[in-house]
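Thanks for coming. I will show the structure first and then go through what was computed from it.

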Amino acid sequence: MNGGLTPVGADIGIEPSTDAFALENVTQERGGRVVLAGVTVHLAKGGFTALIGPSGAGKTSLLRLLNRLDDPTSGVVHFLGRPLIDYPVREMRRRVGFVFQTPAMFPGTVADNLAVVATLSDKATAPRTSAPIAEVLRLAELGADFADRTAADLSGGEKQRVALARALMTGPEVLLLDEPTAALDPEVAEHLMDTLRRLRESTGLTIMMVTHRLSEARYSSTHAVMLEAGRVIEQGSSAQLFSNPVEARTREFVAAGNDSNNHD
Amino acid sequence: MTEPAVDIGWVQLTLASALILVAIALSAWQRLGLARSLVIGAVRAVIQLTFIGYVLVWLFGTNRWYFVLGVLLLMTLTATIAATDRQPGGAQARRRLRPICFTSILVGSALTLAYVGVVVVDVTPWYNPRYLIPLFGMIVGNTMNGAALAAERLQSEMEAGRAQIEAYLALGATPKQASAEPARRATVAAMIPTINALAVVGIVSLPGMMTGQILAGSAPTLAVRYQLVVVFMLTAATALTATGIVLWYRRTYFTAAAQLLPRLPV
């Protein structure tokens with residue numbers, strides 16, 4: 001295990017940056033089972049971090065902590081240098097978007113799904129100007145003609161793009177994605193990953209993504225964190241972690257993943 | 001205009017009990033195996049109703065407001081147990097639901113009863129058990145069903161809607177906003193039987209109270225007016241109780257930090 005994030009260099013074209021999130025000795029228990037066991041990890045601001053590891057490693061549990069869908073049993077999560085619990089939770093969630101594995105569509109059209117986001121803020125939250133619908137449709141690479149389609153009737157890949165567009169409505173600084181391509185065909189998945197890559201390039205959004213498709217993690221991410229059994233095995237730049245991992249366990253996992261990805 | 005009701009003595013009651021033998025005979029003939037249940041049910045009905053008859057005689061005789069209120073509370077408590085006993089979601093969920101159910105039934109029923117008793121009928125003295133007990137009985141019978149329907153539907157909507165609720169929360173919604181749809185559906189589900197009853201009263205069903213009043217010698221027009229008071233009363237009480245349950249019960253699904261709590265162990 002290594003303590004901090006190794007500064008990543010010119011090979012991926014970003015400056016060594018501060019942390020968007022830093023987890024210190026975070027433990028998470030669910031129904032008496034330990035899902036995260038003393039996790040310390042730094043997630044780079046402005047980066048595209050892939051959270052990888054076998055199923056049951058705690059990837060989704062970790063991601064859910066970052067938008068406070070859950071709180072850790074012990075340990076501290078920092079967001080931009082301050083404890084996450086110091087931020088008013090609803091305001092923080094508007095800065096840290098979350099895209100779920102299975103997109104849950106709201107009633108009505110795609111435009112309804114997007115417009116409702118603006119109605120969710122109230123006096124308690126400082127009103128944030130929400131992005132125009134046309135703009136987020138463009139960023140999510142959904143055609144303008146999608147606005148009037150019924151959300152429930154869309155395909156899996158289209159729904160996931162609507163979920164992405166919806167998360168962009170609050171103008172987030174960070175976007176968390178929990179296996180967004182898990183339910184999609186490889187081709188559709190690849191297309192969505194291209195969209196995410198372009199999105200980050202054009203907006204400077206910090207992205208953190210849980211994925212079980214190592215190929216997409218490898219080609220999209222700037223940073224990677226390898227988790228297993230609730231512990232961080234290795235973290236660093238993607239270039240290093242995928243090509244030249246330090247830990248034997250990471251090497252095995254990446255090698256096995258490359259084999260299985262050939263079937264995709 | 002009022003003629004006294006025909007008295008039912010023990011002889012008449014014995015003759016009426018022969019009717020239950022019809023059901024028992026049919027059960028034996030069709031091999032339904034219901035004879036035992038029918039006998040037990042008939043005996044229970046006789047004992048329970050006879051007992052409550054004597055309780056009412058005593059209650060009307062003592063004429064003490066605290067005894068009347070005590071009986072009303074006991075009725076509420078019994079209704080709460082009946083409404084929560086078969087709720088889904090496990091023992092922990094039922095325990096969480098019980099105080100919510102008790103309070104909602106009590107408040108919804110008592111507010112309605114107070115309005116009817118004080119403003120509409122002008123019962124004197126205010127605690128007159130001859131009015132309060134039967135009126136409250138009818139109200140609680142309805143609010144109990146409304147409460148059970150509201151709680152059950154909310155529980156299933158909240159579980160089925162977890163993904164959507166969390167999607168709303170992740171966008172910065174309040175728990176109230178995130179669960180608006182489950183709450184709306186649960187309240188509607190609780191109100192539907194009452195609305196159906198309003199639609200068919202007098203056509204499909206002649207309500208028991210009105211029938212009883214007519215049998216006891218009241219003018220049908222008076223019985224009808226009483227019955228209208230009752231259906232309006234039941235509608236308000238059910239709406240109040242269902243709303244109370246839904247608004248309060250759904251809060252128990254969230255933490256103070258607007259997080260949806262994990263599923264309770266069933």
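**Helix 6 of chain A, then outwards**

I start on one face of a helix: Glu187(A), Arg198(A), Glu201(A) and Ser202(A) are exposed, on the other side of helix 6 of chain A from its buried residues. Exposed here means 12 or fewer other C-beta atoms within 10 Å of the residue's own, buried means 20 or more, and partly exposed is in between, with C-beta atoms placed from the backbone. Helices are DSSP runs of H or I with at least four residues, strands are runs of E with at least two, and both are numbered from the N terminus.

Two remarks on conventions. This is a predicted model, in which local features need pLDDT of at least 70 and side-chain atom pairs count only at pLDDT 80 or more, while totals for chains, interfaces and linings use all residues. Residues are numbered from 1 along each chain as its sequence is written, and chains are lettered from A and ligands numbered from 1 in the order in which they are written.

Back to the helix. The buried residues are Ala189(A), Leu192(A), Met193(A) and Leu196(A). They sit on the same side of helix 6 of chain A because they cover an arc of only 105° around the axis, the arc being that of the directions from the helix axis to the C-beta atoms. What do these buried residues pack against? Their partners in chain A are helix 5 (156–168), strand 8 (206–210) and helix 7 (214–220). Contact means that the C-beta atoms of two residues, placed from the backbone, lie within 7 Å.

The length of the helix can be checked too. Helix 6 of chain A runs over residues 186–203, so its 18 residues should span 26 Å at 1.5 Å a residue, and its end C-alpha atoms are indeed 26 Å apart. The expected span is 1.5 Å times one less than the number of residues. After the helix comes Gly204(A), with a positive phi near 75°.

Ahead of helix 6, the loop from strand 7 (174–178) holds Glu179(A). Its phi is near 40°, a positive value in a residue other than glycine. Glu179(A) counts as buried because it has 21 C-beta neighbours inside 10 Å.

Helix 1 of chain A, residues 59–66, has seven of its eight residues buried, so it is largely enclosed by the rest of the structure. The buried set includes Lys59(A) and Arg64(A) as well as Leu62(A) and Leu63(A). Just after this helix, Arg68(A) has a positive phi of about 55°.

On confidence: chain A has a mean pLDDT of 87, with 87% of its residues at 70 or more. Over residues 1–17 of chain A the pLDDT is below 50, and this stretch has 26 contacts in the model beyond near neighbours in sequence. pLDDT is the predictor's confidence in each residue, from 0 to 100. Where it is low, the predicted coordinates should not be read in detail.

Now chain B. Its secondary structure comes to ten helices and zero strands. Its C-alpha atoms fill a box of roughly 70 × 55 × 35 Å along the principal axes. Of its 266 residues, 31% count as buried.

How do the chains meet, in residue counts? On the chain B side, 15 residues are in contact with 22 residues of chain A. Helix 6 of chain B (residues 162–170) gives the most to that side, with six residues.

The largest nonpolar core has 123 residues, and Leu51(A), Leu176(A), Ala147(B) and Ala150(B) have the most contacts inside it. Such a core is a set of buried Ala, Val, Leu, Ile, Met, Phe, Trp, Tyr and Cys residues joined through C-beta atoms within 7 Å. Helix 5 of chain B (residues 129–160) gives the most to this core, with 14 residues. Not counting residues up to four places away in sequence, Ala150(B) touches several others, including Ala186(B), Ala242(B) and Val246(B).

Last, some local points in chain B. A cis peptide bond joins Thr124(B) and Pro125(B), with omega about -15°; Pro125(B) is in the loop between helix 4 (90–120) and helix 5. In the segment after helix 10 of chain B lies Ala258(B), with a positive phi near 55°. Leu264(B) is 174 residues from Gly90(B) in sequence and 7.4 Å from it in space, C-alpha to C-alpha.
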